[in-house]
Amino acid sequence: MSNLMQEIRQAVIEGQAKTVVPKVEQALADGVAPDVILNESLISAMAEVGQLFEDSEFFVPEMLIAARAMSSALEILKPRLVEQGVEPIGKIAIGTVKGDLHDIGKSLVAMMLEGAGFEIVDLGVDVPAEKFIEAAQNGAKVVAMSALLTTTMPNMKKTIEAFREAGLRDQTVIMVGGAPVTQTYADEIGADGYSPDASAAVRKAKELLGV
Ligand code: B1M
């Protein structure tokens, strides 16, 4: 990893949004591909932040400022990651399930799907089942749910049950993901697809829609 990429990674870990932004701009100007900055510096930094939290070296405030630094870097990368002028190949509603406020992974997945040509309806965080259902009623072919907490994963199952009760399960493709979610869990709750990361989510969405 180059010095600049290491500096970006370190600045995210330390939550220095004001340092991260110009460094990401510099990396882009130097010709570093946006997905390389994303994977090598930003995602890798958040993995380290998670480890520091697990080791009780970081607490919630440190985690939060690191997340803010990552979000400001993502704002710069987003237009570079999203392809311009692509006709939407289907509407996908995405959100983090009820009770869960983690939005970085969900936003990354949304960004990658948008980049792949899908029209995205980002429902945000703490999304109740009714909001996902409403999005499906408004034309979303796919509903993608994210959960980062083991305590909120069951809300994926509850949402799928709500789709069944509303008579919309058969006409909606439901995808799930997020750090604690597995293929086994997705099968258990009756989701149509699981993906471990943002690029796999794009492949899975295309596969499920047959595009
Ligand atoms: Co939280 N947090 N957090 N946190 N946080 C975790 C998730 C945790 C694992 C940390 C730890 O203990 N090591 C832990 C969960 C433990 C568990 O449930 N087993 C945890 C905890 C405990 C908590 C609180 C309860 C802490 C507290 O208050 N005591 C609290 C809960 C708040 C709530 O949600 N109600 C909390 C709060 C926060 C902050 C607000 C401080 C902040 C979030 C800020 C934000 O999102 N705006 C935060 C952060 C930053 C983290 C960690 C450090 C990083 C998460 C992240 O952004 N990762 C996280 C530790 C970790 O994950 N290592 C942690 C980067 C992101 C790119 O990855 O989200 O996994 P990820 O997304 C990936 C894939 O999972 C996948 O693609 C993405 C891109 O590759 N993916 C999908 C995600 N969603 C998908 C949907 C799909 C497909 C793929 O649909 C099809």
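**Pockets and a ligand**

Guide: Helix H5 gives five residues to the lining of the second largest pocket, the largest share. The model here is a predicted one.

Visitor: What makes a residue part of that lining?

Guide: A lining residue has an atom within 4 Å of a pocket point. Ser-71, Asp-103 and Met-111 are among those that line the second largest pocket, so they meet that cut-off.

Visitor: Which classes make up the lining of the second largest pocket?

Guide: Five residues are nonpolar, two are polar and five are charged.

Visitor: Where does the ligand sit?

Guide: In the largest pocket. That pocket has a volume of about 1,400 Å³. For the second largest pocket, the figure is about 210 Å³.

Visitor: What makes "sits in" the right phrase?

Guide: More than half of a molecule's atoms must lie within 2 Å of the pocket's grid points. The ligand is said to sit in the largest pocket, so it passes that test.

Visitor: Why is the ligand said to lie between domain 1 and domain 2?

Guide: Because domain 1 (3–84) and domain 2 (91–209) both give residues to the shell around the ligand. The largest pocket lies between them too, because both domains give residues to its lining.

Visitor: Why is the pair formed by the ligand and His-102 called a polar contact?

Guide: A polar contact needs two N or O atoms within 3.5 Å. A ligand nitrogen is 2.8 Å from an N or O atom in the His-102 side chain. The pair therefore qualifies.

Visitor: How far is Gly-178 from a nitrogen atom of the ligand?

Guide: A backbone N or O atom of Gly-178 lies 3.5 Å from it.

Technical notes:
Residues are numbered from 1 along each chain as its sequence is written. This is a predicted model: local features need pLDDT of at least 70, side-chain atom pairs count only at pLDDT 80 or more; totals for chains, interfaces and linings use all residues. Side-chain values use heavy atoms; hydrogens and water are left out. A polar contact is a pair of N or O atoms within 3.5 Å; within protein, one must be able to donate a hydrogen and the other to accept it, and residues adjacent in sequence count only if both atoms are side-chain atoms. On a 1 Å grid over the protein atoms alone, a cavity is a set of points where a 1.4 Å probe fits but cannot get out, and a pocket is an open set with protein on both sides within 12 Å along at least five of seven lines; lining residues have an atom within 4 Å of a point. Domain bounds come from an automatic or database domain assignment. Grid points are joined across faces, edges and corners, and a volume is the space filled by probe spheres set on the points. Helices (H or I, at least four residues) and strands (E, at least two) are DSSP runs, numbered from the N terminus. Ala, Val, Leu, Ile, Met, Phe, Trp, Tyr, Cys and Pro count as nonpolar, Asp, Glu, Lys and Arg as charged, and the others, Gly among them, as polar.
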